[in-house]
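Biologist: I am new to this structure and would like a close look at a single part of its surface. Please start there, and then place that part in the rest of the model.

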Amino acid sequence: MKKVIFILTGNLMMAVAIAMVILPSGILTGGITGVAVAANHYLHLPVSLAVGVINFAVLLLGYVTLGKKVLGNTLISVISFPLLLEVCGKVQNVISLEEYPLASSILGAAMLSIGLAMILKQDGSTGGGDLLAMVIHKKTGVSLAVMVNVIDGAILLLQATFRPIGSVIYGMAMIAVMTIVLNLLMSGNSININKLLDGKPVHVIKKTYLLTQTKKQRPNE
């Protein structure tokens, strides 16, 4: 029961991040949905059909490679996440960051990382890209956190061919933050805030924010 509670809580955290922070700000996300959107654009396949086919193929691969335990835990997410996303999508104006996409990227990345780490540490996944990352991790030994974000980054680049460049840039910024946070959470290391503030990704984010604020203040001078 404890495992189920952790997986459901992780899915709730991710649903809140996507429905209340990321989507309202127009930021692109990875995952199977991103592949389905690209399939719809280039092949004119319905998004729902593409999601269903890809998820079925990945679930089958996960069952063969990882076994029934992981597949069972993944099904909890596959069933609960769409329902939680639907509920969270109906809650309006709880987190209002539409005018601050950079802040949305950072907050969304932190929430997604925490939620996903809760699920992965219970031998579960959200299906799709996460399950594929677990398969690759088992076969190659590459860091699970790195594989999750490599897959999402590739999916974002696929969408970059037909989506606004601004939404792609903020999406990549979100993945950069997720790579740091998820890797720390999955490795079990404590998060040293001072060390993070000295890191280049965070320095770039801080500098971008300061430049944005400067531009906003100039018209009033």
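Modeller: The part to look at is a nonpolar surface patch of about 550 Å², made by Tyr42, Leu43, Leu45, Leu49, Val53 and Leu158. The model is predicted, and this patch is a feature of that prediction. Two helices, H2 (31–43) and H3 (47–66), each supply at least two residues of the patch. Leu49 is one of the patch residues and is found in helix H3. Leu49 has a relative accessible area of 46%, so it is classed as partly exposed, a class that runs from 20% to 50%.

For contrast, turn to the interior. Asn11 has its place in helix H1 (residues 2–22). Asn11 counts as buried because its relative accessibility is 0%, and buried means under 20%. Leaving out residues up to four places away in sequence, Asn11 touches Ser77, Ser80, Phe81, Leu84, Ile119 and Thr126. One of these, Ser77, lies in helix H4 (residues 68–89). Ser77 is buried too, since its relative accessible area is 1%. With the same neighbours in sequence left out, the contacts of Ser77 are Ile7, Asn11, Pro82, Ile119, Ser125 and Thr126. Ile119 and Thr126 therefore appear in the contact lists of both Asn11 and Ser77, as contact means heavy atoms within 4.5 Å.

Charged pairs come next. A search of the whole structure finds two salt bridges. In one, Asp123 pairs with Lys69, and the closest N and O atoms are 3.4 Å apart. This pair links distant parts of the chain, 54 residues apart: Asp123 sits in the loop between H5 and helix H6 (129–140), and Lys69 sits in helix H4. Asp123 is partly exposed, with a relative accessible area of 32%, whereas Lys69 is exposed, at 53%. In another salt bridge, the side chains of Glu86 and Lys90 meet at 4.0 Å, N to O. Lys90 counts as exposed because its relative accessibility is 61%.

Last, the confidence of the prediction. The mean pLDDT of the protein is 80, and 82% of the residues reach 70 or more. Confidence is highest in helix H5 (residues 101–120), at a mean of 91, and lowest in helix H9 (residues 193–197), at 40. Over residues 190–202, pLDDT stays under 50, and the model has eight contacts beyond four places in sequence for that stretch.

Definitions and conventions:
Residues are numbered from 1 along each chain as its sequence is written. Side-chain values use heavy atoms; hydrogens and water are left out. Helices (H or I, at least four residues) and strands (E, at least two) are DSSP runs, numbered from the N terminus. Buried means under 20% relative accessible area, exposed over 50%, partly exposed in between (1.4 Å probe, protein chains only). pLDDT is the predictor's confidence in each residue, from 0 to 100. Patches are made of residues with over 30% relative accessible area and no salt bridge: like charges are joined within 9 Å, nonpolar side chains (Val, Leu, Ile, Met, Phe, Trp, Tyr) within 5 Å. Accessible areas come from the Shrake-Rupley method with a 1.4 Å probe; for residues, only the protein chains shown count as cover.
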